[in-house]
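Please report on the structure below. Start with a single threonine and work outward to the strands, the cysteines and the domains.

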Amino acid sequence: MTETETLRTDLLAAIDGAADLTALEAVRVAALGKAGQVTALLKTLGGMTAEQRQVAGPAFNGLREELSAALAARKAVLEAAALEARLATERLDMSLPVLPGPRGTVHPISQVMDELAEIFADLGFAVAEGPEIEDDWHNFTALNIPEEHPARAMHDTFYVTGGGPAGANGRAVLRTHTSPVQIRTMMGQAPPIRIIAPGRVYRSDSDATHTPMFHQIEGLVIDRGITLAHLRWTLETFIKAFFEVDDVTLRFRPSYFPFTEPGVEVDVGCSWQGGRLSIGGSESWMEILGSGMVHPKVLRNCGLDPEEWQGFAFGTGVDRLAMLKYGMTDLRAFFDGDLRWLRHYGFGALDVPTLSGGVGA
Ligand code: 2NL
């Protein structure tokens, strides 16, 4: 028993003397670990007579419990001391400015969308949004693109399996243009209507100039007595404001879209600057928009009487507008998430486009 008593005194002293958590852990292993001294003592119980065990059993187990309690107490003291030491050295000054300065940037697509919203808000257009998973009817049928129409194949549609939007009307698709937003607006509110519909659209097409997801903006005006002249003025005003040039010439060419009659493709006068075509001047033409008068069938599909209501619509690619205005040459880089590219082409979060400050300031 004296041997046990000595062991107890030594171990309790070692626990008390442990200067840090590492030292304390070493004492625990030496006493209670697999090959520890107390563990070895407990193993001797097996070779004892019943009488010996009656005395030694409670003594050894009592020792083990006493040491466990002492270890836990010492551990709590050392942990509290370690925390105190950390708190004494670590400082967090909540009043310091964020370092090393602002880091995130606004993606050029977001910036251009904001610029467009600002320009059209000034002309009295509201921003309209709709689902990116559409149904066949809103994406195609309502727009005078019936089943088997070649335009459906031309749109390289992504079909969605496993359910579409609530109250779906036909197969679920990823919208191939933002026109269904305008269909929903015409069905949901009475004219006059002046909206732009910017957003993501999807087509199963991928190469140097096409990505499977890209951004489109469309505009729609519905009112009494709307003509191509209103379309022409609106597009001219928009292009001048967006590219911040006063001398722009637009050229309207007859074209065909199933949802317009007539359909009009719009070119803008350009000139060569630094090896690239840029907006303004008259050396060359660049196609930038598709547009037209809303087809009477489309109006009727939305419950509007074409004898009473007319309208114009237009659409163009936001990514391409951004490239033309800010000089990027590779569309795919828009979606790579490359931080160097984002820092170079990104905009400051506080550079909010305003007409008074210059939309591209
Ligand atoms: C393009 C340019 C266009 C429209 C979009 C439209 C929407 C409704 C009715 C009539 Cl609801 N038109 N949008 C019109 C002309 C062109 O987008 O190049 N698209 C293939």
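Is Thr 316 buried or exposed? This is a predicted model, and in it Thr 316 has a relative accessible area of 8%. The cut-off for buried is under 20%, so Thr 316 counts as buried.

**Around Thr 316**

Thr 316 belongs to strand E10, which spans residues 310-317. Its side chain makes a polar contact with the backbone oxygen of Ile 288, at 2.5 Å. Ile 288 also appears among the residues that Thr 316 touches. The others are His 215, Gln 216, Ile 217, Leu 289 and Leu 321. That list leaves out residues up to four places away in sequence.

**Strand E9 and its partners**

Strand E9 covers residues 284-294. How many of its residues are buried? The count is 8 of 11, so E9 is mostly covered.

E9 pairs with E7 (residues 260-273) through 9 bridges. The two strands run antiparallel. Within this pairing, Val 266 stands opposite Leu 289 of E9. Leu 289 is also one of the residues touched by Thr 316.

E9 pairs with E10 as well, through 4 bridges, and again the strands run antiparallel. Here Met 293 stands opposite Phe 312 of E10. In general, side chains in a regular strand alternate between the two faces of the sheet.

**Cysteines**

How many disulfides does a search of the whole structure find? The search returns 0. Two cysteines can still be placed by their accessibility. Cys 270 is buried, at a relative accessible area of 0%. Cys 302 is buried too, at 7%.

The three accessibility values are set out here.

| Residue | Relative accessible area | Class |
|---|---|---|
| Thr 316 | 8% | buried |
| Cys 270 | 0% | buried |
| Cys 302 | 7% | buried |

**Confidence**

The mean pLDDT of the protein is 91. A score of at least 70 is reached by 97% of the residues. Which elements mark the lowest and the highest mean pLDDT? Helix H7 (residues 150-154) has the lowest, at 72. Helix H10 (residues 296-301) has the highest, at 98.

**Domains**

The protein is divided into two parts: domain 1 takes in 2-87, and domain 2 takes in 109-126 + 193-341. The C-alpha centres of domain 1 and domain 2 are 80 Å apart.

Key. Residues numbered from 1 in each chain as written. Heavy atoms only, no water. Buried < 20%, exposed > 50% of the residue type's maximum accessible area, 1.4 Å probe, protein only. Polar contact = N/O pair within 3.5 Å; in protein donor to acceptor, adjacent residues only side chain to side chain. Contact = heavy atoms within 4.5 Å. Pairing = 2+ DSSP bridges. pLDDT = per-residue confidence, 0-100. Disulfide = S-S within 2.5 Å. Domains from an automatic or database assignment.
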